[in-house]
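Subject: The structure we talked about

Hi there,

Here is the structure for you to open on your side. Have a look at it first, and then read on for what turned up.

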Amino acid sequence: MLDQGRLRNAAEKAWCATKRATDALILARTGEEPRTSGQTMRMLRRLRRQDPSLEPLRARYAIRQSFLHGACFYDGILEPADDIIADVRETNEYIRDAESMSSGWSQD
């Protein structure tokens, strides 16, 4: 999407990937998969109370939800473009971090 200059679409795709990675983390840790982004945020907050090391990811999730999903996709705010492109590209790092926080986790 970025290569095609479709910044709004790229922002929404990055948001969707962020949500799915977070949902996978929650599923790995709780055995439950959230259906909505509201459920994802509530469950992530609950997990953060149990494991404070999740706070940086929770904060990043909230920022990405507000900016990529809310401002860029819904409101069409696509400036400054360089910031949006950087946030879209940062999605890979977010996914890796969520994955590492879920791997080896036991629900015991």
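Which residues have the most contacts inside the largest nonpolar core? Please keep in mind that this is a predicted model. The core in question has 21 residues, and those with the most contacts inside it are Tyr61, Leu68, Ile84, Val88 and Tyr94. The elements that give two or more residues to it are α1, α2, α3, α4 and α5, and the largest share, eight residues, comes from α1. As a general point, nonpolar side chains tend to be buried together in soluble globular proteins.

Val88 is a good residue to click on. Leaving aside its neighbours within four places in sequence, Val88 is in contact with Leu2, Ala10, Ala11, Ala14 and Leu68.

Next, two of the helices that feed this core.

α5 has twelve residues and reaches 17 Å from its first C-alpha to its last, close to the 16 Å expected at 1.5 Å a residue. Its buried residues are Thr91, Tyr94, Ala98 and Ser102. Seen down the axis of α5, these buried residues fall within an arc of 65°, so they line one face of the helix. In general, an α-helix has 3.6 residues a turn, so residues three or four places apart point the same way. On the other side of α5, Arg96 and Glu99 are exposed. The buried residues of α5 pack against α1, α3 and α4. Thr91, for one, has a relative accessible area of 5%, and touches Ala14, Ala17, Thr18 and Arg64, not counting residues up to four places away in sequence.

α2 has 14 residues, and its reach of 20 Å from first C-alpha to last is close to the 20 Å expected at 1.5 Å a residue. Here the buried residues are Thr40, Met41, Met43, Leu44 and Leu47, and they pack against α1 and α3.

Now for the charged residues. How many salt bridges does a search of the whole structure find? The search finds nine, and three of the pairs are described below.

- Asp23 pairs with Lys19, and their closest N and O atoms are 2.5 Å apart. Both residues lie in helix α1 (residues 7–30), four residues apart, which is about one turn of the helix. Asp23 is buried, with a relative accessible area of 0%, and Lys19 is buried too, at 12%. Lys19 and Asp23 are also linked with Arg20 and Glu33 in a network of salt bridges.

- Arg29 pairs with Asp51, with the closest N and O atoms 2.9 Å apart. Arg29 lies in helix α1 and Asp51 in the loop between α2 (37–50) and α3, so the pair ties together parts that are 22 residues apart in sequence. Both Arg29 and Asp51 are buried.

- Glu90 pairs with Arg64, the closest N and O atoms being 2.7 Å apart. Because Glu90 lies in the loop between α4 and α5 (91–102) and Arg64 in helix α3, this pair ties together parts that are 26 residues apart in sequence. Arg64 counts as buried, at 5% relative accessibility. Arg64 is also one of the residues that Thr91 touches.

You may also want to know about the cysteines. How many disulfides does a search of the whole structure find? The answer is zero. A disulfide is a covalent bond between the sulfur atoms of two cysteines. Why is there no bond from Cys16 to Cys72? The sulfur of Cys16 is 13 Å from the closest cysteine sulfur, which is in Cys72, and that is too far for a bond. The two residues also sit in unlike surroundings: Cys16 is partly exposed, with a relative accessible area of 38%, whereas Cys72 is buried, at 0%.

One last detail concerns the backbone. Is the peptide bond from Glu79 to Pro80 cis or trans? This bond is cis, with omega near -5°. You will find Pro80 in the loop between α3 (55–74) and α4 (81–89).

If you are short of time, begin with Val88 and its contacts, among them Leu68, and then turn to the buried residues of α5, including Tyr94.

Best wishes

Definitions and conventions: Residues numbered from 1 in each chain as written. Predicted model: local features only at pLDDT ≥ 70, side-chain atom pairs only at ≥ 80, totals over all residues. Heavy atoms only, no water. Salt bridge = Lys/Arg side-chain N within 4 Å of Asp/Glu carboxyl O. Buried < 20%, exposed > 50% of the residue type's maximum accessible area, 1.4 Å probe, protein only. Core = buried A, V, L, I, M, F, W, Y, C linked by side-chain atoms within 4.5 Å. Contact = heavy atoms within 4.5 Å. Disulfide = S-S within 2.5 Å. Expected span 1.5 Å × (residues − 1). Arc of directions from axis to C-beta.
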